[in-house]
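Thanks for making time this morning. I would like to walk you through one model, beginning with its charged side chains and then moving inwards.

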Amino acid sequence: MNDESQHHGPPNFFTMVKNFSSEVVKFAKSGFQYVSPEDYEERLDTCIKCPHVKNPGLRCGLCGCNMELKAKWKTSHCPDNPSRWNDIK
């Protein structure tokens, strides 16, 4: 088996909606807290270099979320295991 046959592709539409909705709820419950501009740039740079990225700058291939939004939210975490983002204090 080669690597391409093991790749499962992005989540389906309903999974993406569920994942994004969950992120929005956590973000709202936090009082809409954003990361610093420096942390945002670091997160986004990490996402753009990630092998899971779909349409660079737009979608995470693991959770389906819009990276430009999710990277700004303090409550968000990278869905990869282990996470590719540094913890925000």
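**Salt bridges, a helix and a core**

Let me start with Lys26, which is partly exposed, with a relative accessible area of 34%; by that I mean the range between buried, under 20% relative accessible area, and exposed, over 50%, with a 1.4 Å probe and protein chains only. Before going on, I should say that this is a predicted model, in which local features need pLDDT of at least 70 and side-chain atom pairs count only at pLDDT 80 or more, while totals for chains, interfaces and linings use all residues. Residues are numbered from 1 along each chain as its sequence is written, and side-chain values use heavy atoms, with hydrogens and water left out.

Which residue does Lys26 meet in a salt bridge? The partner is Glu23, at 3.4 Å from N to O, where a salt bridge is a side-chain nitrogen of Lys or Arg within 4 Å of a carboxyl oxygen of Asp or Glu. The two are three residues apart in helix 2 (residues 13-29), and are therefore separated by about one helical turn; helices here are DSSP runs of H or I with at least four residues, strands are runs of E with at least two, and both are numbered from the N terminus.

Glu23 also forms a salt bridge with Lys70, at 3.8 Å from N to O. Because Lys70 lies in helix 4 and Glu23 in helix 2, this pair ties together parts that are 47 residues apart in sequence. Both Lys70 and Glu23 are buried, and Glu23, Lys26 and Lys70 are linked in a network of salt bridges.

Turning to helix 3, we find another salt bridge, between Asp45 and Lys49 at 3.0 Å from N to O, and these residues are four apart, about one turn of the helix. Asp45 is partly exposed at 38% relative accessible area, whereas Lys49 counts as exposed at 64%.

Which residues of helix 3 are buried? They are Tyr40, Arg43, Leu44 and Cys47, and they cover an arc of only 95 degrees around the axis, taken from the directions from the helix axis to the C-beta atoms, which puts them on the same side of helix 3. What covers them includes strand 1 (53-54) and helix 4 (67-70).

Finally, the largest nonpolar core has twelve residues, among them Val35, Tyr40, Leu44, Cys47 and Trp85; such a core is a set of buried Ala, Val, Leu, Ile, Met, Phe, Trp, Tyr and Cys residues joined through side-chain atoms within 4.5 Å. Helix 3 gives the most to this core, with three residues.

How values were computed
Contact = heavy atoms within 4.5 Å.
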